[in-house]
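Colleague: Please pick a single part of this model and go through it closely. I would like to follow how it is put together, one step at a time.

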Amino acid sequence: MTSLKIGYARVSTVDQDLTAQTDALERLGVTEDRMYLDHGMTGANRSRPGLEKALAVCRAGDMLVVTKLDRLARSVRDASDIVDELMAKEVTLSIGGAIYDPTDPVGRLMFNVLSMVAEFERDLIRQRTREGMAVAKAKGRLKGKQPKLSASKQHHLVELLGEGRMSIGEIASLFDVSRATVYRTVKRADAASATADAQA
């Protein structure tokens, strides 16, 4: 049986482009029909359709090719689990053209170091995201989900519901919103009324 090169590439957001990775995979000898891609999938998520397909098609003697280790996994545990799965299937791992040899102590050390760096980078991204959201919230730029209805429409909706002549479904249809939006609008109005009463 002829051994094959199976390529895998991933980007974390839908705005990112996979071209650089697919071009690199092609230079490493992977044909386009044997490339498996995940677009808008974080490496922290072990369950990725493209990765699952790539691992599923690998047979004994094949080689899984990635441009960088952090494209394959963003945690030490996931990287180790994937390598164990490949070893069990007698599949070789190529990282940017360098063949990973799990029996070589130096190779194993480098692999673990790269895995830890990938996990560290992921944690940094998370921390920066949280910090950015905190700053935006402090400056009033992050206000959460905005109401679908204007203030006057919300007031009208609450009045109609209070009259009791129309059902939740009828009111939702009248304002062209979901029943959940009607419930949220009423809840928001009740909270505002309670606050006003407390301050009176």
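Modeller: Of the 200 residues in the protein, 32% are buried, in what is a predicted model. The protein has 8 helices and 5 strands, and along the sequence they come in the pattern β-α-β-α-β-α-α-β-β-α-α-α-α. Among contacts between residues at least 6 apart in sequence, 64% join residues at least 24 apart. The part I have picked is the sheet, together with the helices and loops that go with it.

The sheet is open and is formed by 5 strands, in the order E2-E1-E3-E4-E5 with mixed pairing. Strand E2 (35–39) and strand E5 (98–100) are the edge strands; each has a single partner strand, so one side of each has no neighbour in the sheet. From one strand to the next, the twist averages 25°. Strands of a sheet pair through backbone hydrogen bonds, and the pairing can be parallel or antiparallel.

Both senses can be followed here. E1 and E2 are parallel and are paired over 5 bridges; in this pair, alanine 9 stands opposite leucine 37 of E2. Strand E4 (residues 92–95) and E5 run antiparallel and are joined by 3 bridges, with isoleucine 95 opposite alanine 98 of E5.

The connection from E1 to E2 comes next. E1, H1 and E2 together make a right-handed β-α-β unit. Helix H1 (residues 19–27) lies across strand E1 (5–11), E2 and strand E3 (63–66), at about 165° to E1. Helix H2 (residues 49–57) also lies across E1, E2 and E3, and runs at about 160° to E2.

In H2, the buried residues are Gly50, Leu51, Ala54 and Leu55. Seen down the helix axis, these residues fall within an arc of 130°, so they line one face of H2. The general reason for such spacing is that an α-helix has 3.6 residues a turn, so residues three or four places apart point the same way. The cover over the buried residues of H2 includes E1, E2, E3, helix H3 (69–72) and H4.

H4 can be read in a similar manner. Helix H4 (residues 76–88) has 13 residues and reaches 18 Å from its first C-alpha to its last, close to the 18 Å expected at 1.5 Å a residue. Its buried residues are Asp78, Ala79, Ile82, Val83 and Leu86. They cover an arc of only 130° around the axis, which puts them on the same side of H4. Arg77 and Ala88, on the other side of H4, are exposed.

Leucine 93 ties H4 to the sheet. This leucine is in strand E4 and counts as buried because its relative accessibility is 3%, where the cut-off for buried is under 20%. Leaving aside neighbours within four places in sequence, leucine 93 is in contact with Leu64, Val66, Leu72, Val83, Leu86, Ala98, Ile99, Tyr100 and Phe111. Of these contacts, Val83 and Leu86 are among the buried residues of H4. Leucine 93 and leucine 69 are 24 residues apart along the chain, and their C-alpha atoms are separated by 10.0 Å.

Between H4 and E4 there is a loop, and glutamate 90 lies in it. Most residues other than glycine have a negative phi. Glutamate 90, although not a glycine, has a positive phi of about 60°. With a relative accessible area of 58%, glutamate 90 is exposed.

Glutamate 90 also has a partner from another loop. Alanine 60 is placed in the loop between H2 and E3, and it touches Lys89 and Glu90, not counting residues up to four places away in sequence. Alanine 60 and glutamate 90 are 30 residues apart in sequence, but 4.7 Å apart in space from C-alpha to C-alpha. Alanine 60 has a relative accessibility of 46% and therefore counts as partly exposed.

One residue outside this part can be set beside glutamate 90. Aspartate 176 is not a glycine, yet its phi is positive, about 55°. Aspartate 176 sits in the loop between helix H7 (168–175) and helix H8 (179–199), and it is exposed, with a relative accessible area of 69%.

Key. Residues are numbered from 1 along each chain as its sequence is written. This is a predicted model: local features need pLDDT of at least 70, side-chain atom pairs count only at pLDDT 80 or more; totals for chains, interfaces and linings use all residues. Side-chain values use heavy atoms; hydrogens and water are left out. Two strands pair if DSSP finds at least two bridges between them. Helices (H or I, at least four residues) and strands (E, at least two) are DSSP runs, numbered from the N terminus. Axes are lines fitted to C-alpha atoms, for helices over the stretch in contact, and angles run from 0 to 180 degrees between N-to-C directions. Contact means heavy atoms within 4.5 Å. Buried means under 20% relative accessible area, exposed over 50%, partly exposed in between (1.4 Å probe, protein chains only). A crossover is right-handed if, with the strands pointing away from the viewer, the path from the first strand over the helix to the second runs clockwise. The expected span of a helix is 1.5 Å times one less than its number of residues. The arc is that of the directions from the helix axis to the C-beta atoms.
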